[in-house]
Amino acid sequence: QPDDRGLIGDVPVLRVTRRGPEAVHFVQAALEPGAEVLLSLDWERRFDHMQQHSGQHLITAIVEQMFGFKTTSWELGRQRSVIELDTPSMTAEQIEALERSVNEKIRERVPVMVRELAADDPEIETVRSRGLPDDHVGPVRVVDIKGIDSNMCCGTHVSNLSDLQVIKLLGTEKGKKNKINLVFLAGNRVLKSIEQSYNTEKALTSLLKNGPGEHVEAVKRLQSSVKLLQKNNLNLIRDIAVLIARDFKSKPVQSELFVLHRKEGDSEFMNIIANEIGTEETLLFLTVGDEKEAGLFLLAGPVEAVENLGPRVAELLGGKGAGKRGRFQGKATKMSRRAEVQALLQEFISHRSPEA
């Protein structure tokens, strides 16, 4: 069970842990030894943990009574809790019957009591337990759910099952070998989950323009439409890339440097252009994405030129890249410096030109 939070005087408690019989409190500021202080407990957190922990005891006891499934471990999470059961599976009917049974016990207002037994008390042998810690000292604490369960436990619990309000079993997930994890909510977490689900349902109703019963089908239709649009968009981008390359090649005199930026596009778009134009003679500097911030770049051309210029281009664009066989590509964070890259490439070409 997670530890408590609160205040010692006006100093927040950051964490509480056990060191043998001592409860060690970690605080933000030093406290005066012997000073009289008011302790303030974060009751909402404590009561939530009480509900989840007592809920776990109840589920563990009932699932073993009904189906013989033993609890091997459990976790009290921030949003949901999980009980690990020593069984490879549970049917939907078993989960439904278990949920019905534990909620019947809640409605019966069964008392929950805490007892302390001496470590050598023979009754300890009759109590459900996973064993005591090696550094345990003093009496042994036992939590009894009257007529249902008796369990060795150091956690905080409700005094009556009615304080649990309700338990909702959310189903099972795959656990360790031949085990499953039973997911549950207890008490106020059920109410919060319902509120969250209702708010989500309202938002979807407004966005999808239909009732809750039609949400799933509406989302499936939207997903199909998006996939079709993405496919059509990709085909158009590819066609544009081919046309751009053909337009460049159709010119009577082709420049030794080809520079292009397009907001819409991807790596494939740039590589298609490079493939269509050819990189034996022409140096290509292609970019896609945001015009001033992040995007992708491709430098393609003669192998020696690209090996020399690629890292410098990446550095100017505030990015990283890698290359081989006359292509250097990567991600950039400073697309606003494309003009500086173009000037660098233009200078390189002018120096290698025979006329220069």
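In which sense do β5 and strand β6 pair, and over how many bridges? In this predicted model, β5 and β6 (residues 81-85) run antiparallel to each other, with five bridges between them. Within this part of the fold, Trp74 sits opposite Ile83 of β6.

That pair belongs to an open sheet of four strands, ordered β5-β6-β11-β10, with antiparallel pairing. At the edges are β5 (71-76) and β10 (167-174), each of which has a pairing partner on one side only. Going from one strand to the next, the twist averages 20 degrees. Two helices come up against these strands. Helix α2 (residues 92-107) packs on the sheet, where it touches β10 and β11 (180-186), and its direction makes about 150 degrees with that of β10. Helix α3 (residues 188-208), for its part, lies across β5, β6, β10 and β11, and runs at about 85 degrees to β11.

Further along the chain comes helix α6 (residues 303-316). With 14 residues at 1.5 Å a residue, α6 should span 20 Å, and its end C-alpha atoms are indeed 20 Å apart, so the two values agree. Still, α6 has a bend of about 40 degrees at Leu309, with a proline, Pro311, following within four residues. Leu309 is also one of the buried residues of α6, a set that includes Ala305, Val306, Gly310, Val313, Ala314 and Leu316. What do these buried residues of α6 pack against? Their partners are the strands β13 (283-289), β14 (295-300), β15 (320-324) and β16 (327-332), together with α7 (338-352). After α6 comes Gly318, which has a positive phi, near 65 degrees.

Note on methods:
Residues numbered from 1 in each chain as written. Predicted model: local features only at pLDDT ≥ 70, side-chain atom pairs only at ≥ 80, totals over all residues. Heavy atoms only, no water. Pairing = 2+ DSSP bridges. Axes fitted to C-alpha atoms, helices over the stretch in contact; angles between N-to-C directions. Contact = heavy atoms within 4.5 Å. Expected span 1.5 Å × (residues − 1). Bend = angle between axes of the 7 residues up to and from the residue. Buried < 20%, exposed > 50% of the residue type's maximum accessible area, 1.4 Å probe, protein only.
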